[in-house]
Amino acid sequence: MASAVTGLLFFLLCLLSNLHLSFSAGELAFESVPDLEKSMYMVIDGYPCIRLLNLSGEIGCANPGLDKVVAPIVRFKNGIELVKSSSVLAPLSDFDTLLSRVSSDSNFARNLAGVLVESGPQNQTNLTASSPDKKFPQAEFSPYQNNKFEWNPTGSGIMWGLYEFPVFLLSESSTRTLQEISLENENKETHATKVTEFDLVMQTTKSGTHDSESCLREGTCLPLGGYSVLSAFPTTNVSSSKPILLTVASMDSASFFRDKSLGAQSPLSGLISLLAAVDALSHIDDLDTLAKQLVFVVFTGEAWGYLGSRRFLLELDQHTDAVNGINNTLIETVIEVGSVGKGYDQGVKNFYAHTTGVSSATNETLNALQQAQNSLGTKSIKFSKASESNPGIPPSSFMSFSKQNPHTSGVVLEDFDTSFTNKFYHSHLDDQSNINSSAIVAAASLVARTLYILANNNKTLSDSSLNTIKVNASLVDQLLGCLLNCEPGLSCELVKNYITPFSICPSHYVGVMQGEPSSEPFLGYVNDVSRFVWNFMADKTSTPLMNATPCSENCSGTGGVCIKQEIDGKGLCVISKTRYVPAYSTRLKYESASGTWTILPPNSSDPMGEADPVWAESNWNVIGLRVYSVQGGGYDRVVFWSGVAVTVFSYFLIKIVKAFIAKALKQD
């Protein structure tokens, strides 16, 4: 009997030894809690749809409650029925259908825990058009009555909806991973289910502040906004009485997914064209003798109620420091460089001038455009006046100018006539593959030469003098790579020559206003693109000081600005009128004492104030998406009853062993 007990004890010791070895070997050797978490959870790369608010309510996405959302992953198919809470993986081509299903099928909506949208090269291949914006974007700000006109015929309007579930656009690598996982979940033989865990809890959801007025008051959101950039040629005598030619473009875009707002065609092609035109003009020697002042403004916030242009006009009206020296009454004409990256059809680059009416200044601009086209000496670049059948100018910053003063002369240069050529307007698919660099170069050539003709008071200039204005095509290619790609992205030499970027992958979402708005803001509150544009424009429009030295405290005292300061902490002092102009709602006021925002009644100086929704973005603590395995209920029951059986068996085994030991001791 003693030998039997000894054998049993030896067996238990061997079993414990094997268990110890198995938990100590290889991949099960955990040295820390993070190691354990890495083995359990797979973090998924993605771009979230977030919660935005205005005076009347909310748009965008968020977890419906205050906790993380956990649900098994299933693949979306037409006609799929969700019998339990599920995380749906959907191709982008089915995304609109899925959202339509949510609004029409209450059972489907009730069991939809979250949406994962696939990405990859097949999206551009399979989709001929996909715009989440409306058919007439921002029609409420139009200076004319016909707000049913379809400038954006492919628009679905889904980016303006409210969705009480999280939505993430996956990266290409995460798309492949999730596709494999969804196939595993379809395999009924496996006892484990892979689930997604969405962490997209917005502070406005937690606090119940469901409009921008209440969330700004309670401090659970921040207003949308940023900093526009103003610059001028020549750098001297900006405050003179010369007529002003104001040339504008936009640097911000929008999409359904906050951090995937590239806007290559709309509006970045116009921005890059303007920057290339400024560079071309910077090489002209007689800018100081021009009869007119060239002023450039690159707006931000235009995708959200024309924040930049409306705030700029209000700053002009109030004669603030941000626009010091610019007299509103001296603005002779406004030229806006819009979407110009697709002005290419069968080898011919076509551009259209949209105007608000007939005036001498407008006619002069159209004549200058024609002269600029002729000077290029090629039939492959054509300029035309937009169709008379259009109700007015297309969605553009010039709407702000026209709404404030219907008599403002202006031209909006676009690559379309009656509707957008951009089939991916305000979509994350509006990337570099959606534009043509040669069209941007052609538009920049037209703009630069037109401005030079107008600034010379429409004097007859020879083609030879105009041909000295040459656009640097290599610069355009550099700008495309820097502003529209992650490789090289904002780590490119051109950008790093001016600033140290916060991130590498560019996104042209406007962002939020942090701190008190100022014409000399804390640079940590200014996004990468605005800082780059400021430095680039200041450099190109500058006049070097006689003794160029690193920046000092006296740099501004000499009428100069400090460029490239982020590179080595010193920078270079140059003479330039470049400055930042705050861009945020004209109905907002920052209270310095409390650090809060107050909503004002509509300003009489801003005719668009009544339509201003006052956009804000919800705060959040963290945004995350991860995947892990959960055992099925049947497997859990097997484990439970197996545990019960082992416990009962162990109990009786102990009783038997104790009885044997007691009997053996009595015999001894």
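This section describes the internal spaces, salt bridges, backbone features and a surface patch of a predicted model.

Enclosed and open spaces were examined first. A search across the whole structure identifies 5 cavities of 30 Å³ or more. The largest cavity encloses about 300 Å³ of space. Its lining is made up of 25 residues, and those closest to the centre are Ser266, Pro267, Pro395, Ser396 and Tyr425. Two or more lining residues of the largest cavity are contributed by helix 9 (264-281) and by strand 15 (331-337). Helix 9 provides the largest share of this lining, with 3 residues. Classified by side chain, the lining of the largest cavity comprises 11 polar, 9 nonpolar and 5 charged residues.

For the second largest cavity, the volume is about 130 Å³. A total of 13 residues line this second cavity, and Ile50, Leu52, Ser255, Phe256 and Trp304 are those nearest its centre. The lining of the second largest cavity contains 9 nonpolar residues, together with 3 polar and 1 charged. The nonpolar count is thus 9 in the lining of the largest cavity and 9 in that of the second largest.

Among the open spaces, the largest pocket has a volume of about 1,200 Å³. This pocket is lined by 46 residues, with Asp259, Lys260, Cys505, Pro506 and Ser507 closest to its centre. Several elements supply two or more residues to the pocket lining, namely helix 5 (122-126), strand 9 (167-170), strand 12 (226-233) and helix 17 (528-540). By class, 20 of the residues lining the largest pocket are nonpolar, 18 are polar and 8 are charged.

Charged side-chain contacts were considered next. In general, side chains of opposite charge can pair when their charged atoms come close. The structure contains 20 salt bridges. One of these joins Arg51 to Glu58, with a separation of 3.2 Å between the closest N and O atoms. Both partners of this pair, Arg51 and Glu58, are buried. Arg51 and Glu58 are also linked with Glu164 in a network of salt bridges.

A further salt bridge connects Glu118 with Arg75, where the closest N and O atoms are 3.0 Å apart. Glu118 is located in the loop between strand 7 (112-117) and helix 5, whereas Arg75 belongs to strand 5 (residues 69-75), so this pair ties together parts that are 43 residues apart in sequence. The two partners differ in their accessibility class: Glu118 counts as buried because its relative accessibility is 3%, while Arg75, with a relative accessible area of 25%, is partly exposed. Helix 5, which follows the loop that holds Glu118, is also among the elements that give two or more residues to the lining of the largest pocket.

The salt bridge between the side chains of Glu218 and Arg217 has an N to O distance of 4.0 Å. In this case both residues, Glu218 and Arg217, are exposed.

The backbone shows two cis peptide bonds preceding proline, described here in sequence order. The bond joining Phe233 and Pro234 is cis, with omega about -20°. Pro234 is placed in the loop between strand 12 and strand 13 (244-250). Strand 12, at one end of that loop, likewise contributes two or more residues to the lining of the largest pocket. Between Glu487 and Pro488 the peptide bond is also cis, and omega is near 0°. Pro488 occupies the loop between helix 15 (473-484) and helix 16 (493-496).

Positive phi values are found at His426 and Lys564, neither of which is a glycine. For His426, phi is about 55°. The residue lies in the loop between strand 18 (410-414) and helix 13 (437-455), and His426 counts as buried because its relative accessibility is 5%. For Lys564, phi is near 60°. Lys564 is found in the loop between strand 20 (560-563) and helix 18 (565-568). With a relative accessibility of 24%, Lys564 counts as partly exposed.

On the surface, a nonpolar patch is formed by Val644, Val648, Tyr651, Phe652, Ile656 and Phe660, which together present about 530 Å² of accessible area. Ile656, one of the patch residues, is part of helix 19 (residues 633-667). The relative accessibility of Ile656 is 45%, so this residue counts as partly exposed.

How values were computed: Residues are numbered from 1 along each chain as its sequence is written. This is a predicted model: local features need pLDDT of at least 70, side-chain atom pairs count only at pLDDT 80 or more; totals for chains, interfaces and linings use all residues. Side-chain values use heavy atoms; hydrogens and water are left out. Patches are made of residues with over 30% relative accessible area and no salt bridge: like charges are joined within 9 Å, nonpolar side chains (Val, Leu, Ile, Met, Phe, Trp, Tyr) within 5 Å. Accessible areas come from the Shrake-Rupley method with a 1.4 Å probe; for residues, only the protein chains shown count as cover. Helices (H or I, at least four residues) and strands (E, at least two) are DSSP runs, numbered from the N terminus. Buried means under 20% relative accessible area, exposed over 50%, partly exposed in between (1.4 Å probe, protein chains only). On a 1 Å grid over the protein atoms alone, a cavity is a set of points where a 1.4 Å probe fits but cannot get out, and a pocket is an open set with protein on both sides within 12 Å along at least five of seven lines; lining residues have an atom within 4 Å of a point. Grid points are joined across faces, edges and corners, and a volume is the space filled by probe spheres set on the points. Ala, Val, Leu, Ile, Met, Phe, Trp, Tyr, Cys and Pro count as nonpolar, Asp, Glu, Lys and Arg as charged, and the others, Gly among them, as polar.
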